[in-house]
Amino acid sequence: MKKNLWDPIFGGIMIGIAIILTFYISGRGLGASGSMTSFAVWIQHLFAPSYTESSSYFSKYFANGVNPLNDYLVFMAIGIMIGSFLAGMISKDLKFEILKGPNISNKGRLWYALFGGILVGYAARLARGCTSGQALVGGAELSVGSWAFMFAIFAGGFAVAYFVRRQWI
Amino acid sequence: MIGPLVKNGLISGGINTLAAVLIGILFGYALQRSGFTNSRKISAAFYMKDVDVPVVMFTAIVTASIGLWGMSLLGLIDLGKFYFLPSYLIPMIAGGFIFGIGMAVGGFCPGTSLASMVTGKIDAMVFVGGFLLGSLLFGDLYPIWDKFYNSDANGVFRIDQLLNVNVGLAVLIITLLGVFGSLGMRKLQYKFWGKHD
């Protein structure tokens, strides 16, 4: 594990301040998964416009002829990528690589990453948000559903950790 | 100036969009500097090998909760103009469980995958591709699970309402939960894996 990282308490306080700022300025929380779904819908729309616009779930992304990419969370996602890139540059961590435990092949790790991504993409929509927009923001808002979501994440992770240990440990 | 600034007409929509980018930069910077662009570090939480992820999460929640509540007491923000997340308890618990499985398998959550992807981590790029497919799967097959998705709707349902206490006490309760939860998890990490890892 890389040294010279921020103390986790300091990192948590900085993210907490980011949440306070979104509320103070915009009256809403921050988030990450919403922008990614907007992007996915935008791509699907390029190939199947009428199918996507008539979808019972995705039609709201095109209400009144708006572009799904013209969205608060999409701009925030651009910021997240800029911020992380800058931090990676300063800490000399910009490098094409695959991070994994010693007991799995690169190909194996990428299959796990793909499958995990599909599960998280599905689950973030089912739960109406992710670790950022639902767990952190809702947690700070004292939302019961958000706290239940967060404990369920840890339950799910602990439940399956043993079976995927070859990938990490 | 009393927040939320944009809803009180104190800033324009354009400035609000600019704020979204700037807050995103702070968030992304903090994620990378906390080590969360590393899938090994994130997944280590599920083995209690490195509990920095839950410690950062608890700290962020407690910081934001105290900050928002304190600012409303001081009259700096109008909580009535906030967007509060509604609680659909059972779908959120089911979603959280699947989400946790996906995190242990994939090594990321959405925000960390975006942050990691731009630092060149190929596993993060593949995870993001998977995420796009997974969310399309949810939306395109929505009629299969729309009933479940909209079930157990509790509206805005907060811990202060659940416990029938005032908001200040609820903030104190989650603060204690965050502090002792973090200390307890760190203790388990040291117990199972030792102090130097």
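# Briefing: helices, contacts and backbone details in chains A and B

At 1.5 Å a residue, the 15 residues of α2(A) should span 21 Å, and the end C-alpha atoms of this helix are 22 Å apart, which agrees. Please keep in mind that this is a predicted model. Below you will find the surroundings of α2(A), the contact of the two chains, a helix of chain B and a few backbone details.

**Helix α2 of chain A**

- Helix α2(A) covers residues 33-47 and packs against α4(A), residues 72-90, at an angle of about 105°, the two axes being 8 Å apart.
- That angle makes α2(A) roughly perpendicular to α4(A), because values from 65 to 115 degrees count as such.
- On the α2(A) side, the residues that meet α4(A) are Gly34(A), Ser35(A) and Ser38(A); their partners in α4(A) are Leu73(A), Val74(A), Met76(A) and Ala77(A).
- By type, the residues of this helix-helix contact are four nonpolar, three polar and no charged.
- Which residues of α2(A) are buried? They are Ser33(A), Gly34(A), Ser35(A), Met36(A), Thr37(A), Ser38(A), Ala40(A), Val41(A) and Gln44(A).
- Gly34(A), Ser35(A) and Ser38(A) thus appear both among the buried residues and in the contact with α4(A).
- The cover over the buried residues of α2(A) includes, from chain A, α3 (49-53), α4, α5 (106-126) and α6 (131-140).
- Chain B takes part in that cover too, with α5 (110-117) and α6 (122-140).

**Where the chains meet**

- The contact between the chains takes 112 residues from chain A and 112 residues from chain B.
- On the chain B side, these residues divide into 67 nonpolar, 32 polar and 13 charged.
- For a single-residue view, look at Ala30(B), which lies in helix α1 of chain B.
- Leaving out residues up to four places away in sequence, Ala30(B) touches Gly11(A), Met14(A), Ile15(A) and Ala18(A).
- Is Ala30(B) buried or exposed? Ala30(B) has 27 other C-beta atoms within 10 Å, so it is buried, the cut-off being 20 or more.
- Within chain B, the C-alpha atom of Ala30(B) is 9.8 Å from that of Ala115(B), although the two residues are 85 apart along the chain.

**Helix α3 of chain B**

- Helix α3(B) has 22 residues and reaches 31 Å from its first C-alpha to its last, close to the 32 Å expected at 1.5 Å a residue.
- Of those 22 residues, 16 are buried, so α3(B) is largely enclosed by the rest of the structure.
- After α3(B) comes Gly75(B), with a positive phi near 75°.

**Backbone details in chain B**

- Most residues other than glycine have a negative phi, and most peptide bonds are trans, so the next few items are handy places to look when you inspect the backbone.
- Gly3(B) and Pro4(B) are joined by a cis peptide bond with omega about -5°, and Pro4(B) sits in the segment before α1 (13-33) of chain B.
- Met48(B), which is not glycine, has a positive phi near 60°; its place is the loop between α2 (39-44) and α3 (52-73) of chain B.
- With 19 other C-beta atoms within 10 Å, Met48(B) is partly exposed.
- Asp152(B), again a residue other than glycine, has a positive phi near 55°, and it belongs to the loop between α7 (142-149) and α8 (159-163) of chain B.
- Asp152(B) is partly exposed as well, with 14 other C-beta atoms within 10 Å.

Methods: Residues are numbered from 1 along each chain as its sequence is written. Chains are lettered from A and ligands numbered from 1 in the order in which they are written. This is a predicted model: local features need pLDDT of at least 70, side-chain atom pairs count only at pLDDT 80 or more; totals for chains, interfaces and linings use all residues. Two residues are in contact if their C-beta atoms, placed from the backbone, lie within 7 Å. Ala, Val, Leu, Ile, Met, Phe, Trp, Tyr, Cys and Pro count as nonpolar, Asp, Glu, Lys and Arg as charged, and the others, Gly among them, as polar. Helices (H or I, at least four residues) and strands (E, at least two) are DSSP runs, numbered from the N terminus. A residue is buried if 20 or more other C-beta atoms lie within 10 Å of its own, exposed if 12 or fewer, and partly exposed in between; C-beta atoms are placed from the backbone. The expected span of a helix is 1.5 Å times one less than its number of residues. Axes are lines fitted to C-alpha atoms, for helices over the stretch in contact, and angles run from 0 to 180 degrees between N-to-C directions. Angles under 35 degrees count as roughly parallel, over 145 as roughly antiparallel, 65 to 115 as roughly perpendicular and the rest as oblique.
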